[in-house]
Amino acid sequence: MSLVLDCVVIGGGPGGLTAATYLARYRRSVRVFDTGCTRAAWIPKSRNCPGFPHGVGGQELLERMREQARAFGVETIASEATALHRDDGGFLVRHEDRELRARHVILATGCEDVMPALDGIGEAVECGAVRMCPICDAFEAIDTTIAVHGPPDTAASHASFLRTYSASVTLVPSAPEISPQTRAALARDGIALTGVPESLSFDGRRCVFDVDGRRQAFDVLYPMLGVISRSSLAVGAGADCDEDGALTVDRHQMTSVDGLYAIGDVVSALNQISVATGHAAIAATHVHNRLDANPA
């Protein structure tokens with residue numbers, strides 16, 4: 001309890017590891033909580049990540065970033081941070097039966113995709129039959145048969161975006177209520193609409209819906225069922241969030257709690273690796289500048 005760190009980073013995804021590397025290179029004392037639970041680990045191969053013209057898998061990217069952080073002395077704590085609260089001008093971070101004290105905290109806990117009930121979903125993601133982010137990988141789905149599954153009035157915009165990449169896009173709604181405006185937009189954009197499916201399965205190559213009394217197979221399924229923001233630590237410490245649970249931050253990535261920052265998918269912003277690493281650079285630099293202005 002006697003050691004007071006300059007910063008604790010909670011979350012070992014691309015954003016958290018970037019923030020830790022920046023802070024270490026600023027010669028600040030930093031620890032990273034990394035349980036390995038990050039959306040990036042699901043990526044089979046991203047061709048949307050700067051610097052990897054032939055693509056990079058999520059696990060490979062994470063290991064490269066961990067290696068880079070370790071090279072500058074970043075220490076990792078492989079357990080979950082379970083509580084966060086203000087203490088004497090800084091923060092106490094609890095994990096297991098221990099506590100760390102830090103002057104600043106950067107939260108990089110991300111969010112969790114709501115996944116469909118599908119046996120073999122890991123295999124389906126690995127082979128590209130299930131994809132999570134049209135912005136990241138719709139280019140790889142060009143001219144395939146695509147299904148978008150989710151609440152129709154919110155999933156419709158994703159289906160319209162995907163029409164840029166394929167002439168065969170179908171909205172498979174997760175609920176029966178569809179507004180007239182959504183129906184009109186789907187018709188305008190040439191997007192097929194089914195009824196609510198009875199079941200979903202994976203045949204080893206494609207995703208198959210039982211819907212409208214028949215089986216419909218798709219090369220690619222984009223589940224758009226929403227995300228769960230992992231913002232509870234910050235909210236418990238008093239940070240403000242939007243109606244979806246994503247944290248709101250200022251231009252330095254600081255939340256409404258002084259000294260508590262949030263970066264990446266836990267923030268109300270575009271959920272992309274490049275955005276998360278940009279957030280990390282901004283937050284880590286602001287932490288460094290504050291420490292310079294207010295030395296211990």
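Q: Let's start with a term: when do two strands count as paired?
A: The model here is a predicted one. Two strands pair if DSSP finds at least two bridges between them. In this model, strands β11 and β12 pair in the antiparallel sense, and they do so over 4 bridges. So the cut-off to remember is at least two bridges.

Q: Which residue in the turn of the β11 and β12 hairpin has a positive phi?
A: β11 covers residues 199-202, and β12 covers residues 207-211. The two form a hairpin with 4 residues between them. In that turn, the residue with a positive phi, about 100°, is G204.

Q: Which residue of β12 is the bridge partner of S201?
A: S201 sits in β11, where its side chain points to the face shared with S199, and these two are not buried. L200 and F202 point to the other face and are buried. Across in β12, the bridge partner of S201 is V208.

Q: Is T18 buried or exposed?
A: T18 has its place in helix α1, residues 14-25. Leaving out residues up to four places away in sequence, T18 touches M65, T277 and A280. Its relative accessibility is 11%, and buried means under 20%, so T18 counts as buried.

Q: And what about E96, buried or exposed?
A: You'll find E96 in the loop between β5 and β6. Setting aside neighbours within four places in sequence, E96 is in contact with S79, E80 and T82. Its relative accessibility is 54%, and the cut-off is over 50%, so E96 counts as exposed.

Key: Residues are numbered from 1 along each chain as its sequence is written. This is a predicted model: local features need pLDDT of at least 70, side-chain atom pairs count only at pLDDT 80 or more; totals for chains, interfaces and linings use all residues. Side-chain values use heavy atoms; hydrogens and water are left out. Buried means under 20% relative accessible area, exposed over 50%, partly exposed in between (1.4 Å probe, protein chains only). Contact means heavy atoms within 4.5 Å.
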